[in-house]
Amino acid sequence: MGITSGGDSEYEASTPSREEKTVKIQEEIKNQLANNPTGLTLSGKYYDDEDAEIIAGLDVLQTVRALDLKDNQISDRGLKLLMESPRLSGLEELYLDVNFISDEGLLAILQSEAVTVKSLKKLSMQDNRLTDASIKELVRSPHFNCLEYLDAGWNEIGNDTAKALAEADALPALKFLELERGYIEKEGIEPFLQGSLVERLEELNLSANKLNDDAALLIAEAPKLGNLKVLRLSQNLIGDPGAKAIGTSTTLKGLTHLYMGRNMFGPEGAKAVHETSTLANLKTLFLQEGVEITPGIVNYSRPELLRPEDPSLAGE
């Protein structure tokens, strides 16, 4: 059926067939693998579940160890096809940020006995449609026991995920944890800091959560964070008392990078961190961050998550 535009001109609506899609995807992958047989970047291609099915069925992917599918249109069916593909059993890195994966799809994978992708060292699922319901099960799943890096940020996760991460057998190899823009509060951070996982962490991103002064004090005094090198606490509810606690911490002495901008402390708290005598290994310190420094913080759809307001101040 023709689509009429303006005068008498007609344009035929055209959707590529599966065969045409397959040829195009194969050509793209062939060209990339000729330069690097172990790494494949397919981000921002508007790939959907049918495209994921095509990719999952290609024998040439058996050499691929890192697969980047960020910023596409892959949903639950596509995730299943990828995670159960025999051709992708050697994957060590998988990036699925900014797609349409939901709790239902992730939970189905966690319960599946057909999963072949079980050796992942890096998994990034930032900005999907996930909540505590699935992420707290992911951290308990034997499918992901090899993970060294996990990014679950920009999803609706909070205290339940933090508590699940405190369990003794949660992600035994993890060293880098990204939980940016969530709902984690003192209630979640307290058990999290008591678990064995934090002893292994080298980088921890808790930016844009709901951490107040009490939570900052718990972090500052946590005896198990001795191996931590990078800590991100920007865009929380930390005031002068919390900033002072971080600035005088003796258990965070291994930090080399600290980010605390866009919080609620003033000159007094900032001075305590800036003039710290205990965080002697710091090489990078951010006490003030703007959009020009971290452009990713802008989120017009959920602006309240940029820095959650203190509920006690509501109406003032």
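Between which two elements does the loop that holds Y46 lie? Y46 sits between β3 (39-41) and α2, and it is one of the stops in the close-ups below, which are drawn from a predicted model.

**Figure 1. The whole chain, as a starting point for the close-ups.** Before zooming in, here is the setting. The chain carries 10 helices and 12 strands. It has 316 residues, of which 46% count as buried. If we take the contacts with a separation of 6 or more, 85% of them are between residues 24 or more positions apart. The exposed area comes to about 15200 Å², with carbon and sulfur atoms supplying 48% of it.

**Figure 2. Y46, a loop residue with a positive phi.** Let us return to the residue of the opening question. As a general point, most residues other than glycine have a negative phi. Y46 is not a glycine, yet its phi is positive, near 60 degrees. Its loop leads from β3 (39-41) to α2. Y46 counts as exposed because its relative accessibility is 63%.

**Figure 3. A208, a second positive phi, in a buried loop position.** Here the residue is an alanine with a positive phi of about 55 degrees. A208 belongs to the loop between β9 (203-205) and α8 (213-221). Is A208 buried or exposed? With a relative accessibility of 1%, A208 counts as buried.

**Figure 4. Salt bridges between helices α1 and α2.** The structure holds 14 salt bridges, and this view picks out a few of them. Side chains of opposite charge can pair when their charged atoms come close. R18 pairs with E50, and their closest N and O atoms are 3.8 Å apart. R18 is in helix α1 (residues 18-35) and E50 in helix α2 (residues 49-56), so this pair links parts of the chain 32 residues apart. R18 is partly exposed, with a relative accessible area of 34%, and E50 is partly exposed as well, at 27%. R18 also forms a salt bridge with E53, where the closest N and O atoms are 3.5 Å apart. Because R18 lies in helix α1 and E53 in helix α2, that pair ties together parts 35 residues apart in sequence. E53 is partly exposed, with a relative accessible area of 27%.

**Figure 5. K21 and D51, a buried pair in a wider network.** Staying with the two helices, we turn to K21 and D51. Their salt bridge has its closest N and O atoms 3.8 Å apart. K21 is in helix α1 and D51 in helix α2, with their positions 30 residues apart in the sequence. Both K21 and D51 are buried. Which residues do salt bridges with shared partners join into one network? They are R18, K21, D48, E50, D51, E53 and R77.

**Figure 6. Y259 and F286, a stacked aromatic pair.** A search of the whole structure finds 1 aromatic pair. Y259 and F286 make up this stacked pair, with 5.2 Å from centre to centre and 10 degrees between the planes. Y259 lies in strand β11 (residues 257-259) and F286 in strand β12 (residues 284-286), so the pair ties together parts 27 residues apart in sequence. Y259 is buried, with a relative accessible area of 12%, whereas F286 is partly exposed at 27%.

**Figure 7. E178, a buried acid without a salt bridge.** E178 lies in strand β8 (residues 176-178). How far away is the nearest side chain of opposite charge? That side chain is R232, 5.4 Å from E178, which is buried and has no salt bridge. E178 does have a polar contact of 2.8 Å with the side chain of N205, made through its own side chain. Beyond its neighbours within four places in sequence, E178 is in contact with Y149, L150, D151, A152, G153 and N205.

**Figure 8. Y149, seen from its own strand.** This last view centres on one of the contacts of E178. Y149 is placed in strand β7 (residues 149-151) and is buried, with a relative accessible area of 19%. With neighbours within four places in sequence set aside, the contacts of Y149 are K121, K122, L123, S124, L174, F176 and E178. Y149 and L201 are 52 residues apart in sequence, and their C-alpha atoms are 9.7 Å apart in space.

Notes
Residues numbered from 1 in each chain as written. Predicted model: local features only at pLDDT ≥ 70, side-chain atom pairs only at ≥ 80, totals over all residues. Heavy atoms only, no water. Helix = DSSP H or I, 4+ residues; strand = E, 2+ residues; numbered from the N terminus. Buried < 20%, exposed > 50% of the residue type's maximum accessible area, 1.4 Å probe, protein only. Lys, Arg positive; Asp, Glu negative; His and termini not counted. Salt bridge = Lys/Arg side-chain N within 4 Å of Asp/Glu carboxyl O. Polar contact = N/O pair within 3.5 Å; in protein donor to acceptor, adjacent residues only side chain to side chain. Contact = heavy atoms within 4.5 Å. Areas by Shrake-Rupley, 256 points an atom, 1.4 Å probe, with all protein chains shown as cover. Phe/Tyr/Trp six-rings, centres within 6.5 Å; stacked < 30°, edge-to-face > 60°.
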